[in-house]
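Here is a guided walk through a protein–DNA model. Look at the sequence and the structure, then follow the paragraphs below.

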There are 2 protein chains.
Amino acid sequence: MANLDQQLRFAPVSPVRAYERVIEQIEAAVLDGRLRPGEHLPSERELMVQFDVGRSTIREALRVLQSNGLVRSRAGDPRGPQVQPMSSGALEKSMTMLARASALSLAELVQFRMLLEGSANQLAARLRTPEQLAEMEAALDVMRAALDKGFAEFSQADVAFHETVAKATGNTLIQICGAVVRDVVVGLIEDKIAHASDSRALMQTSLQHHANVLDAVRDGDGDRAATLARQSLYDYYAEYVPEDERAALLPLLY
Amino acid sequence: MANLDQQLRFAPVSPVRAYERVIEQIEAAVLDGRLRPGEHLPSERELMVQFDVGRSTIREALRVLQSNGLVRSRAGDPRGPQVQPMSSGALEKSMTMLARASALSLAELVQFRMLLEGSANQLAARLRTPEQLAEMEAALDVMRAALDKGFAEFSQADVAFHETVAKATGNTLIQICGAVVRDVVVGLIEDKIAHASDSRALMQTSLQHHANVLDAVRDGDGDRAATLARQSLYDYYAEYVPEDERAALLPLLY
DNA sequence: CCGGTCTACTGGTCTGACCAGTAGACTGTG
DNA sequence: CACAGTCTACTGGTCAGACCAGTAGACCGG
């Protein structure tokens with residue numbers, strides 16, 4: 001009996017549905033590069049012959065693949081469903097869902113963003129090319145110009161600046177994850193800041209912080225850039241994080 | 001004309017499919033808490049009456065919701081599709097897809113992992129509970145014991161150790177992203193290390209590095225833990241990263 | 001060269017059918 | 001009374017066939 005409990009445990013068995021095996025095959029073909037973005041799958045009626053299943057099975061598989069961003073169907077297109085370029089849309093959607101269902105706290109999101117942006121600036125400070133530095137300067141100028149155009153414009157310019165930094169790291173994952181968590185956080189907070197009475201003062205402060213970070217990046221001082229970036233995020237978002245969760249953010253500051 | 005170019009741009013219009021509106025409604029009900037995890041939706045045949053659409057439409061909607069982890073259908077269950085507890089499964093899946101599909105170089109993956117694990121250890125050093133520290137000690141013991149059981153066992157114990165650290169940060173995103181990128185990197189490298197002539201020496205070194213990191217965590221020294229963790233990853237993986245890309249990893253070390 | 005029309009497809013949706021699986025009520029038995 | 005088996009009324013998974021609206025590309029007339 002001890003034998004059974006320790007070694008011979010069985011896992012619950014679940015039937016493999018037909019549409020799942022269709023998904024598997026198409027997914028594999030896309031991931032292996034046998035199907036490249038832009039290319040087209042055969043039409044549903046053709047697929048149902050190849051897979052030897054009914055059309056509804058094919059359609060259910062395509063719906064799932066579509067919801068995962070791998071494929072897109074356009075009614076009437078004689079070329080069939082199109083393989084989509086890799087995108088972080090699905091990632092962003094599921095993260096937003098988790099955040100909305102409060103399975104992800106704002107504290108976690110901000111903490112993760114501090115971590116990412118901090119390291120991104122650290123890398124950017126050391127790896128940036130002169131052209132990339134110029135782009136960052138330009139992005140900061142746009143932010144400065146947006147000061148008088150309202151919060152929405154400013155926030156957009158803010159995001160653009162961070163994206164420029166992320167790009168300068170040369171790391172795709174940093175860019176993608178950064179963009180996703182940035183969008184989610186901004187989406188959660190935006191309203192509150194926009195309606196703050198002193199939103200202009202907040203923008204002013206934020207602008208100064210970004211300028212300081214950029215200075216560090218210009219000097220190639222990675223550690224300073226990272227620290228300033230994290231501090232800047234903390235100052236910007238801390239008040240929206242419940243007090244008892246704020247402690248978790250501090251270890252990233254000093 | 002300038003007017004048209006700057007202001008009056010129209011966005012492409014896309015028809016809203018019936019199944020999409022079904023998804024919207026159910027999704028909203030789940031996110032608003034009107035449908036709680038564990039509860040059941042009406043049967044497909046009942047839903048098709050309520051939404052006034054055909055069953056195939058209902059099914060396509062349910063397939064998407066199921067693929068997003070919101071709902072699960074079991075054939076034959078008279079209670080209908082069940083609302084699932086919130087899970088990060090979908091996030092993890094889309095993340096893995098991106099990591100696998102987007103032609104990421106090993107350098108990028110290792111860099112991202114250095115970044116994540118570094119910060120994870122930094123946070124863990126400051127936020128860990130005594131129980132979590134004990135878990136890490138235990139995980140290290142398992143690694144030590146696995147030294148003689150071959151590389152596969154050791155690698156598994158290695159991963160388990162990192163997972164313990166990630167858990168101690170208390171941050172879901174760190175855990176998920178860490179797990180994903182860890183799996184991808186390990187999957188890419190495993191073979192090469194396993195067949196290395198001096199694989200035992202590598203394991204020995206790795207074990208020592210982990211012990212050092214754990215010392216720093218035990219001392220609550222976040223910066224040291226982070227630095228050691230990053231250095232350890234670098235030493236472990238650098239030789240598999242093409243030389244000309246290795247430079248991108250250095251800014252994270254000092 | 002270009003706006004229309006035509007055509008042969010496409011995907012989106014509905015209907016109706018069959019099967020295998022499941023829960024819960026029912027049954028007969030000890 | 002407890003309980004293994006059976007029954008029943010559903011469920012979801014799958015298929016076949018139909019219809020409509022939408023699209024690309026060929027074709028046509030100016």
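Start at DNA strand C. Of the 27 residues around this strand, R55(A), R59(A), A18(B), G54(B) and T57(B) come nearest. A residue counts as near a strand if one of its heavy atoms lies within 4 Å of it. The model is predicted: local features need pLDDT of at least 70, side-chain atom pairs count only at pLDDT 80 or more, and totals for chains, interfaces and linings use all residues. Residues are numbered from 1 along each chain as its sequence is written, chains are lettered from A and ligands numbered from 1 in the order in which they are written, and side-chain values use heavy atoms, with hydrogens and water left out.

What does the protein meet on strand C? Of the atoms of DNA strand C within 4 Å of the protein, 68% belong to sugar or phosphate, and the rest belong to bases. Single contacts fill in the picture. A polar side-chain atom of R63(A) lies 3.3 Å from a phosphate oxygen of DNA strand C. D77(A) uses a backbone N or O atom, 3.5 Å from a sugar or linking oxygen of DNA strand C. R55(B) turns to a base: an N or O atom in its side chain is 3.3 Å from a base nitrogen of DNA strand C. Two or more residues of the surface near DNA strand C come from each of α3 (44–50) and α4 of chain A, and from each of α2 (18–31) and α4 (55–67) of chain B. Helices here are DSSP runs (H or I, at least four residues), numbered from the N terminus. By class, this surface near DNA strand C has 8 nonpolar, 8 polar and 11 charged residues. Ala, Val, Leu, Ile, Met, Phe, Trp, Tyr, Cys and Pro count as nonpolar; Asp, Glu, Lys and Arg count as charged; the others, Gly among them, count as polar.

Now turn to DNA strand D. It is surrounded by 28 residues, and the closest are A18(A), G54(A), T57(A), R55(B) and R59(B). Of the atoms of DNA strand D within 4 Å of the protein, 69% belong to sugar or phosphate. A backbone N or O atom of G54(A) lies 2.6 Å from a phosphate oxygen of DNA strand D. For T57(A), a polar side-chain atom lies 2.4 Å from a phosphate oxygen of that strand. G76(B) offers a polar backbone atom, 3.4 Å from a base oxygen of DNA strand D. The elements giving two or more residues to this surface are α2 and α4 of chain A, with α3 (44–50) and α4 of chain B. The surface near DNA strand D divides into 8 nonpolar, 8 polar and 12 charged residues.

Next, look at where the chains meet. Here 54 residues of chain A are in contact (heavy atoms within 4.5 Å) with 54 residues of chain B. The area buried between them is about 4700 Å², of which carbon and sulfur atoms give 65%. Buried area is the accessible area (1.4 Å probe) that two parts lose on being put together, summed over both. L31(A), M97(A) and L173(A) supply 13% of the area that chain A buries against chain B, more than any other three residues.

The count between the chains is 4 salt bridges, each a side-chain nitrogen of Lys or Arg within 4 Å of a carboxyl oxygen of Asp or Glu. E60(B) forms a salt bridge with R59(A), the closest N and O atoms being 2.4 Å apart.

Finally, compare the two chains. Chain A can be laid on chain B with an RMSD of 1.7 Å by a turn of 178° and a shift of 0.1 Å along the axis. That is the relation of a two-fold axis. The copies are superposed by least squares on the C-alpha atoms of residues with pLDDT of at least 70 in both. Of the residues of chain A, V64(A) comes closest to the rotation axis, at 2.0 Å (C-alpha). The same surface serves both copies: 96% of the contact residues of chain A recur in chain B.

Definitions and conventions. A polar contact is a pair of N or O atoms within 3.5 Å; within protein, one must be able to donate a hydrogen and the other to accept it, and residues adjacent in sequence count only if both atoms are side-chain atoms.
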